[in-house]
Amino acid sequence: MNDVNQDVRKLAEHTFGTWNWQKAWQAPMLVTDAEGVNFYDAQGKPYIDFSSMLVCSNLGHKNPAIIDAIKEQAGKMCYVAPGFTTEIALEAVEAIRSLLPPGLSKLFFSTSGTEANDGALAMTRLSQAPAYKVVSRYHSFHGATPAGMAFTGDPRRIPMERTGYTVNGVMFAPDCYCYRCPFNLTYPECHTQCARYLDYMFAEDGNIAALIAEPVVGTNGRIVPVPEYFPLVREICDRHGVLLIADEVMTGWYRTGKAFAMDHWNVQPDILTTAKGCTSAYTPLGLTVANSAVADYFDNNLFCHGHTYAYHALALSAVPAAIAEYKKLAASGLMEEVAAHLKKKLFQLADNHDCIGDVRGMGHFWGLEIVKNRSTKEPFNTKQDKITGQPLMTAKIAAAAMQAGLYVMPWYDNLTIAPPLIITAEEVDQAMAILDEALKVGDAEAEATGIPASRSSEFYQS
Ligand SMILES: Cc1ncc(COP(=O)(O)O)c(C=O)c1O
């Protein structure tokens with residue numbers, strides 16, 4: 001086993017760890033196997049995957065139907081140039097279209113969520129010229145390229161922006177974040193001011209081409225908008241001729257209970273981007289979908305965008321199989337039943353832990369916002385702590401959970417509870433028992449205020 005540890009240290013020495021100070025990238029856990037909702041380390045110890053890795057392994061690990069589909073395509077043909085087409089591309093497009101709203105009709109495939117958003121920017125800036133500005137929101141992550149980083153409101157943008165890496169022409173709007181309302185208002189008396197402020201921005205600024213938004217904010221907190229938010233945003237965008245780009249990279253593929261999160265509010269974006277669950281992370285794939293108004297522009301104008309691996313046959317091979325699995329799962333009723341159980345359990349958990357400020361989410365997509373004081377909402381850590389490499393309370397809680405066999409993804413102020421959609425109620429209970437213990441690490445440093453945790457999702461969902 002010593003040899004394995006040495007090899008892992010050597011790997012860390014010769015590779016970059018993502019989004020991290022490299023001195024902290026010393027010996028990543030060697031994962032040797034994974035099946036269902038579990039993965040295993042080199043000693044064979046199981047861990048429950050309570051965040052679907054990076055909210056992408058939606059169907060769990062080792063799904064036989066998806067593996068067979070990949071094997072079959074690998075045996076046939078892994079790649080042809082994107083100027084040709086393949087049988088698997090025909091099948092994948094039809095499978096995806098069966099879940100998309102009818103207005104979203106034209107697809108472009110790349111290999112990541114970041115590239116899906118790059119594709120959206122190319123479509124936007126070309127079709128909306130001379131308007132070129134994109135409005136994003138402060139609680140957001142949209143990717144790692146100069147465009148994705150520029151759209152990103154979370155702390156990762158700040159060091160990159162200083163270097164001149166990010167594209168220009170991006171502005172930030174307030175979030176629909178009731179736990180910490182940027183207007184210090186309370187729903188419903190607030191009159192959804194966060195959406196109405198966009199009206200003011202669009203009217204006062206000029207040259208605005210698009211708004212990009214995660215329907216339910218992912219990494220940055222599983223922030224569920226109030227029901228009026230997206231219908232109102234849609235109406236404001238239409239009035240100003242601004243495209244609405246829904247970044248469904250995390251929220252797509254039944255993560256929130258419906259095929260796409262925008263389906264909860266019956267709102268159709270002009271452009272939808274997705275990745276991750278599209279193949280349940282069995283192959284890398286990004287997807288940008290345009291409505292006909294955007295798509296038609298390119299009939300007589302150059303679509304000046306593409307990649308060597310666009311429409312990669314092996315990447316596409318997982319799509320029809322994954323979609324068939326999602327449909328089967330949705331029809332079985334398991335997802336709905338377990339989502340209700342998960343919600344109930346998380347609310348109970350929040351009652352027992354002083355360090356949980358707010359519990360919110362929908363479907364299999366939940367967040368626990370970790371605070372030092374529930375009454376003042378003082379956080380343990382800020383965006384600045386993340387950038388400057390300070391120890392994070394969320395990381396301490398996640399480390400305690402990991403020690404006990406549970407993986408939960410920490411961010412600077414929240415924990416991600418997003419298990420594979422195949423998880424059973426019993427597996428949720430096992431995970432919750434471990435999380436219950438691990439959260440005591442946070443409680444030990446939080447103040448006992450005697451007030452309950454906020455449950456902002458209660459009024460978000462009808
Ligand atoms: C909402 C959102 N958009 C874009 C991305 C970027 O996707 P990728 O990491 O596949 O490039 C992510 C990744 O977590 C994401 O959550």
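Which residues are around the ligand? In this predicted model, the ligand is surrounded by Ser112, Gly113, Thr114, Asn117, Phe141, His142, Gly143, Glu214, Asp247, Val249, Met250 and Lys276. Sorted by class, that shell comes out as three nonpolar, six polar and three charged residues. Helix H5, which runs over residues 113-128, chips in the most, with three residues of the shell.

A few polar contacts help to place the ligand. On the nitrogen side, a polar side-chain atom of Asp247 sits 2.7 Å from a ligand nitrogen, and a polar backbone atom of Phe141 is 3.4 Å from a nitrogen atom of the ligand. Lys276 deals with oxygen instead: a polar atom of the Lys276 side chain lies 3.0 Å from a ligand oxygen. As for cover, the ligand on its own has 390 Å² of accessible area, and the protein covers 82% of that.

Away from the ligand, salt bridges are the next thing to look at. Side chains of opposite charge can pair when their charged atoms come close. With a cut-off of 4 Å between a side-chain nitrogen of Lys or Arg and a carboxyl oxygen of Asp or Glu, the count comes to 19 salt bridges.

One of them joins Glu87 to Lys76, with 3.4 Å between the closest N and O atoms. Glu87 belongs to helix H4 (residues 87-97) and Lys76 to helix H3 (residues 64-76), so this pair ties together parts that are eleven residues apart in sequence. Both Glu87 and Lys76 are exposed.

Another pair spans more of the chain. Asp429 and Lys345 meet through their side chains in a salt bridge of 3.8 Å, N to O. Because Asp429 lies in helix H16 (residues 425-438) and Lys345 in helix H13 (residues 334-351), the bridge ties together parts 84 residues apart in sequence. Asp429 has 31% relative accessibility and so counts as partly exposed; Lys345, with a relative accessible area of 22%, is partly exposed too.

Helix H13 turns up again with Asp351, which forms a salt bridge with Arg455, the closest N and O atoms being 2.5 Å apart. Here the partner is in a loop: Arg455 lies between helix H17 (440-443) and helix H18 (457-460), and the two linked residues are 104 residues apart. Asp351 is partly exposed at 44% relative accessibility, and Arg455 is partly exposed at 24%.

Salt bridges also join up into a network, and this one links Arg180, Asp358, Arg360 and Glu369.

Notes. Residues numbered from 1 in each chain as written. Predicted model: local features only at pLDDT ≥ 70, side-chain atom pairs only at ≥ 80, totals over all residues. Heavy atoms only, no water. Helix = DSSP H or I, 4+ residues; strand = E, 2+ residues; numbered from the N terminus. Buried < 20%, exposed > 50% of the residue type's maximum accessible area, 1.4 Å probe, protein only. Near = heavy atom within 4 Å. Polar contact = N/O pair within 3.5 Å; in protein donor to acceptor, adjacent residues only side chain to side chain. Areas by Shrake-Rupley, 256 points an atom, 1.4 Å probe, with all protein chains shown as cover. Nonpolar A, V, L, I, M, F, W, Y, C, P; charged D, E, K, R; others polar.
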